[in-house]
Amino acid sequence: MLDAENKLIIEDTVVPREIFTKNYIKLFLETSLQNLEVKTIITDGYRAYASIIDDLGFNHQRCTFHAMKNLMDKLIKKHNGLNRRIKKLNIDINELEKEIKEISEKYKGQKGRTRKNDTQRQKDNQKKRKLNKELSEKKAERKKCTNKLKQDDNLVKKISLIFKSKTEKTARKRFQKLYDKLDNLPKEIKSFIKNLSKYLDKAIQHTINRKIPSTNNLIEGFYKTTLPGKIKKIFKTYRGLLIRITLNNIRWIKRCVIINKN
């Protein structure tokens, strides 16, 4: 737990996964924040935090970065599929256009209607019509896929603007515009907006008080700096892990608090 204003470490505890429960989190917060003036607690999207912080009577800001990441995690599979399909359609369209051009070049300069006894040209004309129809269908499908991507990108930008709003009124207005069109939204974004409606108050606290950070990126940066992923795997003992954490915490305070203030 870090103080967002002065970047000091309030509490840093390593616990086994099996005891990381709702009751333990509540106890951790109660004991860590005892006798401290608490303005707001910023958390990621872990569900247990909301009810715990409400029970403790603290103001709660949900990290907007994690909210957007959750949305993009839902969309990425869909977008990857659409992009793969567009890539395949582009190859097919290029091949069809090339084949149609070859047929056209074959009879370049020949004008007038095709003679009935010119069976080869009759076959080529029929093949060209079939290829043009297939080309038109693939172009229409490509446009449909591209429009889906554009629609999603546009909606993601509108959702992001909710969190970037300068006032609570603007944030709620932007959210309501999307919520009013709920039934017309793609299913992934519809699901996200419905879920966001349940915790909107906690996602826009930073628009009410500009001193409240909109994300918990400070704590993310702390763990990347003091205990990056590659380092976690080298510890053989619990004691060794605690020593490393303690030393890195000292380095964090020296770098982010003492040096910055000087």
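Is Arg85 buried, partly exposed or exposed, and at what relative accessibility? In this predicted model, Arg85 counts as partly exposed, at 29% relative accessibility. Its salt-bridge partner and the surroundings of other charged residues are described below, together with the nonpolar cores and selected polar sites.

## Salt bridges

The model contains 14 salt bridges. One of them joins Asp152 and Lys78, with the closest N and O atoms 2.9 Å apart. This pair links distant parts of the chain, since Asp152 belongs to helix H4 and Lys78 to helix H3, with their positions 74 residues apart. The two partners have their own accessibility classes: Asp152 is buried, at 0% relative accessibility, whereas Lys78 is partly exposed, at 21%.

Arg85 takes part in a salt bridge with Glu141, at an N to O distance of 2.8 Å. Glu141 lies in helix H4 and Arg85 in helix H3, so this salt bridge ties together parts that are 56 residues apart in sequence. Glu141 is partly exposed, with a relative accessibility of 28%.

A further salt bridge is formed by the side chains of Asp183 and Lys190, with 3.8 Å from N to O. Asp183 counts as exposed because its relative accessibility is 68%, while Lys190, at 27%, counts as partly exposed. Shared partners also join salt bridges into a network made up of Lys78, Asp152 and Glu188.

The three pairs described above are listed here with their N to O distances.

| Acidic residue | Basic residue | N to O distance |
|---|---|---|
| Asp152 | Lys78 | 2.9 Å |
| Glu141 | Arg85 | 2.8 Å |
| Asp183 | Lys190 | 3.8 Å |

## Glu188 within the network

Glu188 is placed in helix H6. Its relative accessibility is 14%, which is under the 20% limit, and Glu188 therefore counts as buried. Apart from neighbours within four places in sequence, Glu188 is in contact with Leu71, Lys74, Leu75 and Lys78. Lys78 is thus named both among the contacts of Glu188 and in the network with Asp152 and Glu188.

## Nonpolar cores

In soluble globular proteins, nonpolar side chains tend to be buried together. The largest nonpolar core of this model has 22 residues, and Ile159 and Ile193 are those with the most contacts inside it. Four helices each supply at least two residues of this core: H3 (64-106), H4 (119-164), H5 (168-179) and H6 (187-203). Helix H6 gives the most, with 7 residues.

The surroundings of Ile193 can be given in detail. When neighbours within four places in sequence are left aside, Ile193 is in contact with Ile159, Phe175, Leu178, Tyr179, Leu182 and Leu185. A second, separate core has 9 residues, among them Ile25, Leu33, Ile41 and Ile53.

## Polar sites at Ser165 and Asn217

Ser165 is located in the loop between H4 and H5. With a relative accessibility of 1%, Ser165 counts as buried. A polar atom of the Ser165 side chain lies 2.8 Å from the backbone oxygen of Leu161. The side chain of Ser165 also makes a polar contact of 3.0 Å with the side chain of Arg174. Residues up to four places away in sequence not being counted, Ser165 touches Thr170, Ala171, Arg174, Thr207 and Arg210. Arg174 therefore appears both as a polar partner and as one of the residues that the buried Ser165 touches.

Asn217 is in helix H8, which covers residues 217-226. Its relative accessible area of 37% makes Asn217 partly exposed. The side chains of Asn217 and Thr215 are joined by a polar contact of 3.2 Å. Asn217 and Thr13 are 204 residues apart along the chain, and their C-alpha atoms are separated by 19 Å.

## A nonpolar surface patch

Ile243, Leu247 and Ile250 make a nonpolar surface patch of about 260 Å². Of these residues, Ile250 is placed in helix H10, which covers residues 238-261. Ile250 has a relative accessibility of 51%, over the 50% limit, and so counts as exposed.

How values were computed. Residues numbered from 1 in each chain as written. Predicted model: local features only at pLDDT ≥ 70, side-chain atom pairs only at ≥ 80, totals over all residues. Heavy atoms only, no water. Core = buried A, V, L, I, M, F, W, Y, C linked by side-chain atoms within 4.5 Å. Buried < 20%, exposed > 50% of the residue type's maximum accessible area, 1.4 Å probe, protein only. Contact = heavy atoms within 4.5 Å. Polar contact = N/O pair within 3.5 Å; in protein donor to acceptor, adjacent residues only side chain to side chain. Patch = residues over 30% accessible without salt bridge, like charges linked within 9 Å, V, L, I, M, F, W, Y side chains within 5 Å. Areas by Shrake-Rupley, 256 points an atom, 1.4 Å probe, with all protein chains shown as cover. Salt bridge = Lys/Arg side-chain N within 4 Å of Asp/Glu carboxyl O.
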